[in-house]
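The following exercises concern the strand order, the helix packing and the burial of one protein chain. Please work through each task before reading its solution.

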Amino acid sequence: MIRVLLVHDSYLLRSALAALIQAEPEFDVASAAWRDARSRARSLQPHVCVVDTDCPGSDKAARKGELGKLMAEAPAAESGPESGLLVLANAGRPGQLRRAHKARALGYIDKNAPPQRLLDGIRHVAKQERFIDDSLGYGFLKAAEIPLTERELGVLSLAADGASIAEIARTLHLSNGTIRNYLAAITRKTGARNRVDAIRISRCEGWV
């Protein structure tokens, strides 16, 4: 029996996906919102964690490194294989693919793919095999071309959440002037008119 943990903040979509997966006799499915995901992972010890990266809760969690923390909480039972991460992704938002790759995801399913692709992906990831939709290839190429450094992405993520320059500086233990320099570099590299425009562009690309 393959234990699956489905993480999604929308109860309606979470329930629908859980029902789809549970219809297969070899799957035992549990689901959780992000606020409960890590505790559910500890108790369930899933073989596969399925996460939709293209929804507000998951996207924000991914930006804060929660994908990696979730997997750290989800070791499969000692007698079984390690837990694997499978993400539902949007090819048009390469930043999400980059964060999932950084979290060592094994499976990548295009959200526009047929439902059978999700089931096949779970089976492969449960065996610690990579499974990537061909349609996401261009998204991975775009992910490799993100012009911002990890530090710049961190600064921009905090700015996108509404933090002021002073708040960003305190959070990152940097000076206000350094944060202004980072924001100026971000605006230049993204081709934006100003900080707000840089946030808009970066959100559209899934960088933050």
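**Exercise 1: Strand 4 and its partners**

Strand 4 (residues 84-89) and strand 5 (residues 107-110) are joined by four bridges and run parallel. The model is predicted: local features require pLDDT of at least 70 and side-chain atom pairs pLDDT 80 or more, whereas totals for chains, interfaces and linings use all residues. Residues are numbered from 1 along each chain as its sequence is written, and side-chain values use heavy atoms, with hydrogens and water left out.

Task: State which residues of strand 5 are the bridge partners of L86 and A89, and describe how the chain crosses from strand 4 to strand 5.

Solution. Step 1: fix the terms. Strands (E, at least two residues) and helices (H or I, at least four) are DSSP runs, numbered from the N terminus, and two strands pair if DSSP finds at least two bridges between them.

Step 2: read the partners. L86 is bridged to G107, and A89 to D110.

Step 3: follow the connection. The chain passes from strand 4 through helix 5 (residues 94-102) to strand 5 in a right-handed β-α-β crossover; right-handed signifies that, with the strands pointing away from the viewer, the path from the first strand over the helix to the second runs clockwise.

Step 4: turn to strand 3 (residues 48-52). Strand 3 and strand 4 are parallel and share five bridges, with V50 opposite L86.

**Exercise 2: The sheet and strand 1**

Task: Give the order of the strands in the sheet, and explain why strand 1 is largely enclosed.

Solution. Step 1: assemble the order. Six strands form an open sheet, 2-1-3-4-5-6, with parallel pairing. Strand 2 and strand 6 (131-132) are the edge strands, each pairing on one side only.

Step 2: locate strand 1 (residues 2-7). Strand 1 pairs in parallel with strand 2 (residues 27-32) over six bridges, and L6 stands opposite S31. Four bridges link strand 1 to strand 3, also in the parallel sense; here L5 has C49 as its partner.

Step 3: add the connection. Helix 1 (residues 11-22) completes a right-handed β-α-β unit with strand 1 and strand 2.

Step 4: assess burial, where buried means under 20% relative accessible area, exposed over 50% and partly exposed in between (1.4 Å probe, protein chains only). Five of the six residues of strand 1 are buried, so the rest of the structure largely encloses this strand. In strand 4, six of six residues are buried: G84, L86 and L88 on one side, and L85, V87 and A89 on the other.

**Exercise 3: A perpendicular helix pair**

Task: Determine how helix 8 (residues 150-160) and helix 11 (residues 195-205) are arranged, and classify their contact.

Solution. Step 1: take the geometry. The axes come within 10 Å and cross at roughly 105°; axes are lines fitted to C-alpha atoms, for helices over the stretch in contact, and angles run from 0 to 180 degrees between N-to-C directions.

Step 2: classify the angle. Helix 8 and helix 11 are therefore roughly perpendicular, a class covering 65 to 115 degrees, with under 35 roughly parallel, over 145 roughly antiparallel and the rest oblique.

Step 3: list the contact (heavy atoms within 4.5 Å). Helix 8 contributes L156, A159 and A160, and helix 11 contributes R195, A198, I199, S202 and R203.

Step 4: sort by class. The contact has five nonpolar, one polar and two charged residues; Ala, Val, Leu, Ile, Met, Phe, Trp, Tyr, Cys and Pro count as nonpolar, Asp, Glu, Lys and Arg as charged, and the others, Gly among them, as polar.
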